[in-house]
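Work through the exercises below with the sequence and the structure side by side, and try each task before reading its solution.

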Amino acid sequence: MKSGSLALNGVFAASVAVLWLLPADVAGQGRARSNKPAAKEAAAPQPTPSGDPDLQGLWTNTTTTPLERLPEASTKTVLTEEERQTLAQQVAERLDQDKPPARAGTIVPYNEFWYERGTLTNRTSLIIDPPDGKIPPFTPAAQKRWQEQLDARKEHPADSWLDRSAYDRCISRGMPGTMLPGFYNHNYEIVQAPGYVALLVEMIHDTRIIPLDGRPHMNGTVRQWLGDPRGHWEGNTLVVETTNFNDKMFERGAATGFGAGVRMIERIRRIGADQLDYELTVEDPATFTRPWTVSTPMIRTDGPLFEYACHEGNYAMRGILAGARAAEKAAEQAAGKQPR
């Protein structure tokens, strides 16, 4: 959902954000834009005044192609145009939030008005490695952590705000989630200055500032939600290594982050006037049985970016906690106990 004020002009407003019930493959569409990747042409970007390849502009990675392979695609990795059009319609029907829920009593967080859907690319997943288009299995230790977290949330879904995810609490989508398409607001502004690239993310209005001067990563005791990025140029490709993540997020879904041990390598290059090629690889031998790589086109979009005033508009958190207290009260009354 977009609302409010221009992020760069400081005009104030509010918006809402908490989509903890959304499936991982929900993605956006709203502003007029193309999601069909352009042919990878041999573009020679005009340099910035400081001589670096120019990646600047407003970009979107909105698509309904999910991170992991579409269930409708079976074992296919690439679709013909006819297959893509047919499957795009099937996916649109499956994701449609205006239809009655499959199970009575199911909460539908938003109807279709609020989503930015886009459409499918000709690939069946954003993951290009492993070849099956899936996030690799967790290691036994990571699987144990994940299961314990699921069990704890099942037993204590909303005793307090601390039982909710960092995304529910408008803190972060984590990494690589911040750089992956989802359901709305997956738009980015890239600005360059001598020695730096800054990447403003519309979703939760995060800004990633990437030094290019060869400095080492911060001390290992300093841990951040979006990690500590360091960049350099390899020809026309910006290569960014990010480490030093904190250990406060371990999620896969609408938010995606995998703890403190992740090392993430991003490669961004311009392949035309209106398209960037974006690729990221996630490495963490303590968490995954092998590295995995995502590739998603970023298409130029018309601005402006809007301020995503997540905390100011986070009525969902209040509703979740108030609903839990109401359910506890109802259960106590049903059991004949005096309400607290």
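**Exercise 1. Arg84 and its helix**

In which helix does Arg84 lie? Place this residue in the predicted model, then describe its surroundings and the helix that carries it.

*Solution.* Begin with the location: Arg84 belongs to helix α1, which covers residues 81-95. Next, consider accessibility, where the cut-off for a buried residue is under 20% relative accessible area. Arg84 has a relative accessible area of 11%, and therefore it counts as buried. Its side chain makes a polar contact of 2.9 Å with the side chain of Glu81. If the neighbours within four places in sequence are left aside, Arg84 is in contact with Leu79, Thr119, Leu120, Thr121 and Asn122.

Now turn to the helix as a whole. With 15 residues, α1 reaches 21 Å from its first C-alpha to its last, which is close to the 21 Å expected at 1.5 Å a residue. The buried residues of α1 are Arg84, Leu87, Ala88, Val91 and Leu95. Seen down the helix axis, these buried residues fall within an arc of 115 degrees, so they line one face of α1.

**Exercise 2. The two sides of α2**

Which residues of α2 are buried, and which exposed residues does the face turned away from its buried side carry?

*Solution.* First establish the extent of the helix: α2 runs over residues 140-155, has 16 residues, and reaches 22 Å from its first C-alpha to its last, close to the 22 Å expected at 1.5 Å a residue. The buried residues of α2 are Ala142, Trp146 and Gln149. Viewed down the axis of α2, they fall within an arc of 60 degrees, so they line one face of the helix. The cover over these buried residues includes β8, at residues 250-251. On the face turned away from the buried side, α2 carries the exposed residues Pro140, Ala141, Lys144, Lys154 and Glu155.

**Exercise 3. The nonpolar cores**

Which residues of the largest nonpolar core touch the most other members?

*Solution.* The largest nonpolar core has 50 residues, and those that touch the most other members are Leu67, Met203, Trp292 and Val294. Several elements, among them α2, β3, β10, β11 and β12, each supply at least two residues of this core. The largest share, four residues, comes from β11.

To see the surroundings of one of these residues, take Val294 and leave aside its neighbours within four places in sequence: Val294 is then in contact with Leu67, Leu126, Ile127, Leu180, Tyr278, Glu279 and Leu280. A second, separate core of eight residues includes Leu70, Ala73, Leu79 and Val91.

**Exercise 4. Thr281 in its strand**

Is Thr281 buried or exposed, and which side chain does its own side chain join in a polar contact?

*Solution.* Thr281 is placed in strand β11, which covers residues 275-283. Since its relative accessible area is 16%, and buried means under 20%, Thr281 is buried. A polar contact of 2.9 Å joins its side chain to that of Thr293. Apart from neighbours within four places in sequence, the residues in contact with Thr281 are Arg263, Met264, Ile265, Pro291, Trp292 and Thr293.

**Exercise 5. Salt bridges**

How many salt bridges does a search of the whole structure find? Follow three of them and describe the accessibility of their partners.

*Solution.* The search of the whole structure finds 19 salt bridges. In one of them Arg290 pairs with Asp129, with the closest N and O atoms 2.3 Å apart. This pair links distant parts of the chain, because Arg290 lies in the loop between β11 and β12 and Asp129 in strand β2, 161 residues apart. Arg290 is partly exposed at 32% relative accessibility, and Asp129 is partly exposed at 28%.

In another, Asp168 and Arg164 form a salt bridge whose closest N and O atoms are 3.1 Å apart, and both Asp168 and Arg164 are buried.

Finally, the side chains of Glu283 and Arg263 meet in a salt bridge of 2.6 Å, N to O. Here Glu283 is in strand β11 and Arg263 in strand β10, 20 residues apart, and the pair links distant parts of the chain. Glu283 is partly exposed at 26% relative accessibility, as is Arg263 at 31%. Through salt bridges that share partners, Glu241, Arg263 and Glu283 are joined into one network.

Notes:
Residues are numbered from 1 along each chain as its sequence is written. This is a predicted model: local features need pLDDT of at least 70, side-chain atom pairs count only at pLDDT 80 or more; totals for chains, interfaces and linings use all residues. Side-chain values use heavy atoms; hydrogens and water are left out. Buried means under 20% relative accessible area, exposed over 50%, partly exposed in between (1.4 Å probe, protein chains only). A polar contact is a pair of N or O atoms within 3.5 Å; within protein, one must be able to donate a hydrogen and the other to accept it, and residues adjacent in sequence count only if both atoms are side-chain atoms. Contact means heavy atoms within 4.5 Å. The expected span of a helix is 1.5 Å times one less than its number of residues. The arc is that of the directions from the helix axis to the C-beta atoms. A nonpolar core is a set of buried Ala, Val, Leu, Ile, Met, Phe, Trp, Tyr and Cys residues joined through side-chain atoms within 4.5 Å. A salt bridge is a side-chain nitrogen of Lys or Arg within 4 Å of a carboxyl oxygen of Asp or Glu.
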